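The exercises below ask you to work through a complex, beginning with how far its coordinates can be trusted. Each task is followed by a solution in steps.

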Amino acid sequence: MQQLEPFPRGPTLLAHYLKVYTIYVRAGWLALMAYPVDFTVRNLGNLAWNLAAVGAIWLIFTFTGSIRGFDRAQVLFIYAMSMLARSIWHLLWVDMMSVGGYVQRGELDRLLVRPLDPLFQVVAGYLDHDDWGELALGLMVLALAGRSLGLGKQPLLVAWTALAVLCGSLVYAAVHLAAASTAFWMVRNSAVTSLAWDIDSFSRYPLDIYPAVIRLALTWVVPFGFAAYYPSQLVLATGTHRYLAALTPVVAVAAFAGAYRFWQSGLSRYQGTGH
Amino acid sequence: MPAIIAQEVTKEYRIPQRGHQLGSYLRTLFTPSYHTIRALNAVSFTIEPGETVGYIGLNGAGKSTTVKLLTGILAPTSGRVEVAGVDPHRERVTNARRIGVVFGQRSQLLWDLPVRETFQLLRHVYRVPPQCYQANTRRFFELLGLDAIWDQPVRLLSLGQKMRCELAAAFLHDPSVVYLDEPTIGLDVLAKATIREFLKQISVRTQVTVFLTTHDLRDIEEVCRRVILIHQGSVVYDGSPQKLVQEYGQKARLEVEVVGDVVPTAPPGARLAGRNGNRWVFTFDRQQVRVPELLAALGQTLAIRDLTVTELDLEGVVRRIYGGEAL
Amino acid sequence: MTYLAFARVAVLRNLTYRAGYWMSLTGTGSMVAIQYCLWSAVYSAASPAPGGMTLAQTLTYVLTARAASAFLSLDAGRGINQRVRLGTIATELARPVDLQLALFFEGLGEAAFTLLAVSVPVFSLLALTGLVVVPPPATVLWFVASLLLAYLVMYALSFAVGLMGFWTGNGMGLTDFLEAGVVLFSGALVPLDFYPASLRSIAQVLPFQTIYHLPMSIFAGRTGSLPSSLALQAGWAVLLILAGRLAWHQARSVLMVQGG
């Protein structure tokens with residue numbers, strides 16, 4: 001029998017995954033560049049759409065000074081954090097929403113015969129093509145709103161914002177992974193995935209505008225509150241919920257770990273070992 | 001150590017039962033009821049390294065379930081599966097490194113990119129050493145003609161070209177076992193021939209074990225030295241394809257339309273199998289009797305208006321083995 | 001009538017394609033909730049009636065607009081985009097069928113479905129809970145007529161822009177641009193009454209305002225002359241339908257030259 005080089009474990013395994021991930025991303029990027037005109041036009045369209053949505057907020061502040069104590073720069077800062085968190089998740093990991101499709105078409109089997117984690121293959125196998133406008137606009141609005149909030153002189157807060165955006169992406173990933181994993185129990189789970197997709201808009205505004213029951217749900221059930229609003233409270237002068245804000249990384253990791261457990265139990269049900 | 005061991009392997013699926021009326025649908029949401037389908041029933045076989053085994057059966061006989069159990073996609077309900085010394089389900093990743101798989105209906109090629117990009121990706125996924133990668137791709141260029149399409153986007157390839165790529169992709173990392181699930185499905189005669197030739201070459205040149213499921217008896221005849229037949233979840237034949245074909249595959253079927261309402265008697269070497277409208281159906285063994293002889297014998301008592309001769313296909317063979325003469 | 005067959009197929013496809021239904025239901029539902037919370041919050045701080053609109057009027061306008069948004073979609077344009085992408089547009093144009101009319105009826109099937117299965121239930125809920133103030137029956141009738149005209153404008157616009165993809169080779173981004181235009185200038189998210197005077201004067205010369213602003217203003221009781229609003233809508237509808245037909249004829253003649 002052919003002698004194989006021993007398969008990596010521990011840190012080497014992580015390095016192996018990182019290496020393979022770069023190869024996947026390269027392939028994804030090459031696939032996007034196979035249709036350059038399509039790529040450009042769609043992303044300009046996406047940019048225009050997001051510009052319109054930001055414009056709507058700007059308009060509201062032409063006749064009001066604040067919404068529940070948040071001024072224009074603060075609301076736009078939260079909105080931009082949410083845009084960034086969402087677009088990073090969307091660009092890199094959005095294909096996790098199609099787990100249901102993988103299961104129905106039997107494509108999951110193809111992933112299970114490779115020596116890689118199947119979820120890794122789902123998310124690495126697809127680089128999104130039309131949400132780069134949201135990423136660009138999010139960065140721009142965040143920079144502008146951050147500057148008028150005086151963030152430029154506080155590198156620690158800038159670093160926190162960057163970390164918070166990544167945590168926010170993880171929150172997005174956790175919610176969508178949990179929603180997508182219902183595919184292992186129900187053949188058509190589009191009601192669940194589309195609900196997750198649509199309620200992410202709740203993460204874009206200060207939670208203070210919602211009634212208590214929605215606020216609680218966005219904090220403890222579907223933690224979209226941690227995608228932008230709570231972590232922003234360490235940066236903004238409004239500064240409520242500072243303890244919850246500091247917990248953002250913990251909540252993000254815990255939520256993703258929980259969602260991953262749910263995915264795993266679904267997967268073992270699929271493979272016929274669990275119920 | 002055998003390449004594949006299946007010992008008393010049984011696989012059952014639990015299918016949830018849902019009512020179609022609202023009331024019963026809601027009830028089953030809370031108290032789900034299942035009925036069990038047994039896809040495989042105490043299947044046992046052992047395959048040695050280097051063997052090329054054909055695995056055939058009707059649709060729904062349990063072929064794909066077997067492949068899924070051997071590749072580690074599914075866990076057996078009971079029994080033991082071992083591939084190169086490991087449990088393929090429990091040690092999925094270890095097993096996955098040593099196997100190659102082609103699902104005839106599902107592609108693992110990168111759709112929008114040139115063929116070589118898929119191989120670059122797989123090279124890193126399986127950690128194929130550079131010299132090994134060089135040697136193997138050179139072999140694929142030679143045996144499968146991949147050099148001609150190496151830089152073409154997959155979406156522009158024909159079905160046959162794609163299947164050649166799939167096949168090469170499955171063999172890239174020198175797996176010890178390769179599973180081919182319907183690799184020739186939908187291909188034309190020429191493409192099938194290329195694939196069979198490749199499998200023959202590879203089984204001569206390397207020690208790889210090949211497990212092949214197919215609908216096409218010719219695949220088995222040309223490539224496999226052993227064939228396992230499965231029917232309704234059980235193994236019904238395990239032996240050389242020559243013997244299988246000698247016993248059953250040479251059977252052919254003659255239909256004659258005659259003038260008048262005479263009940264014919266079967267000529268020597270043939271059996272009267274039944275009646276299809278106004279046509280009488282005979283089966284016969286091509287090695288024992290030839291069509292002109294049959295016609296001559298039949299012509300003595302009957303006025304033949306029209307006739308057709310058909311070979312028994314795989315389905316016919318399986319039916320004959322399992323359910324007797326069902327044609 | 002043969003064109004009704006297109007509508008029937010679309011309805012059937014909607015019934016089997018449940019994912020799309022859930023998408024528009026959950027999307028509409030959550031947007032209504034967010035808009036309600038947002039505008040209540042805005043009014044709690046703003047002067048009693050910014051732009052001359054009371055909270056009740058604004059909510060009636062904005063929430064009805066959200067409920068109707070599933071119905072007022074750009075599907076016709078997306079349908080053409082898909083045909084351009086798959087390369088079937090040439091055959092579609094060559095067929096002896098009026099593409100504009102065929103797609104209209106195909107879209108009508110889908111629109112009727114979303115109207116009855118998404119917009120009406122969401123709207124009824126809003127009306128029953130009193131979040132939306134329902135005007136007198138006569139106004140409701142004017143509103144319904146205005147909404148249908150809005151659909152016509154949206155369709156004609158979507159068709160004309162979608163067909164531009166025939167020349168650019170890809171229409172997806174164009175339809176996204178169009179959608180951005182709608183969001184900015186139709187008053188779909190923010191009533192035009194709140195716009196600064198300069199932006200409002202731009203919006204008033206564009207067709208987008210006839211899609212959301214005019215019907216929603218009628219419903220919220222904020223329109224002076226109902227007939228002139230409807231006349232404006234009808235005018236834009238006719239103009240855009242003619243533009244779409246012109247584009248269609250141009251595309252056909254290009255195809256004839258190419259010998260497609």
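**Exercise 1. Find which helix of chain C has the lowest confidence and which has the highest.**

Solution. Start from the chain as a whole: in this predicted model, chain C has an average pLDDT of 85, and 88% of its residues score at least 70. Next, go to the individual elements, where helix H1 (residues 3–16) of chain C has the lowest confidence, with a mean of 56, while helix H10 (residues 213–219) of chain C has the highest, at 95. Where pLDDT is low, the predicted coordinates should not be read in detail. Finally, turn to the scores for the assembly, for which the predictor gives an ipTM of 0.88 and a pTM of 0.85.

**Exercise 2. Determine which pair of chains shares the most contacts, and describe the side that chain A contributes to that pair.**

Solution. First, list the pairs: two pairs of chains are in contact, and chains A and C share the most contacts. Chain B and chain C are not joined by any contact, and their closest C-alpha atoms are 13 Å apart. Second, count the residues between chains A and C, where chain A gives 35 and chain C gives 32. Third, assign the chain A side to elements: helix H2 (36–60) and helix H9 (190–199) of chain A each supply at least two residues, and H2(A) provides the largest share, 16 residues. Fourth, sort this side of chain A by class, which gives 20 nonpolar, 10 polar and five charged residues.

**Exercise 3. Carry out the analysis for the side of chain A that touches chain B.**

Solution. Begin with the count, since the contact between these chains takes 25 residues from chain A and 33 residues from chain B. Then look at the elements on the chain A side: H1 and helix H5 (107–112) of chain A each supply at least two residues, and the largest share, seven residues, comes from H1(A). Lastly, the classes on this side of chain A are 14 nonpolar, five polar and six charged.

**Exercise 4. Identify the buried residues of helix H4 of chain B and work out what covers them.**

Solution. Take the chain first: chain B has 327 residues, of which 39% count as buried, and it holds 11 helices and 13 strands. Among its contacts between residues at least 6 apart in sequence, 72% join residues at least 24 apart. Now examine helix H4 (residues 115–125) of chain B, whose buried residues are B:Val115, B:Glu117, B:Thr118, B:Phe119, B:Leu121, B:Leu122 and B:Val125. Their cover includes helix H1 (10–32) of chain A, along with helix H5 (130–144) and helix H6 (159–171) of chain B. As a last step, look past the helix, where H4(B) is followed by B:Arg127, with a positive phi near 50 degrees.

**Exercise 5. Explain why strand S2 and strand S4 of chain B each have one side without a neighbour in the sheet.**

Solution. Set out the order first: three strands of chain B form an open sheet, S2-S1-S4, with antiparallel pairing. Strand S2 (33–47) and strand S4 (78–83) of chain B are at the edges and each has a single partner strand, so one side of each lacks a neighbour in the sheet. From one strand to the next, the twist averages 30 degrees. To check one pairing in detail, follow strand S1 (residues 4–17) of chain B, which runs antiparallel to S2(B) and is joined to S2(B) by 11 bridges; B:Gln17 stands opposite B:Ser33 in S2(B).

Notes:
Residues are numbered from 1 along each chain as its sequence is written. Chains are lettered from A and ligands numbered from 1 in the order in which they are written. This is a predicted model: local features need pLDDT of at least 70, side-chain atom pairs count only at pLDDT 80 or more; totals for chains, interfaces and linings use all residues. A residue is buried if 20 or more other C-beta atoms lie within 10 Å of its own, exposed if 12 or fewer, and partly exposed in between; C-beta atoms are placed from the backbone. Helices (H or I, at least four residues) and strands (E, at least two) are DSSP runs, numbered from the N terminus. Two residues are in contact if their C-beta atoms, placed from the backbone, lie within 7 Å. Ala, Val, Leu, Ile, Met, Phe, Trp, Tyr, Cys and Pro count as nonpolar, Asp, Glu, Lys and Arg as charged, and the others, Gly among them, as polar. pLDDT is the predictor's confidence in each residue, from 0 to 100. Two strands pair if DSSP finds at least two bridges between them. Axes are lines fitted to C-alpha atoms, for helices over the stretch in contact, and angles run from 0 to 180 degrees between N-to-C directions.
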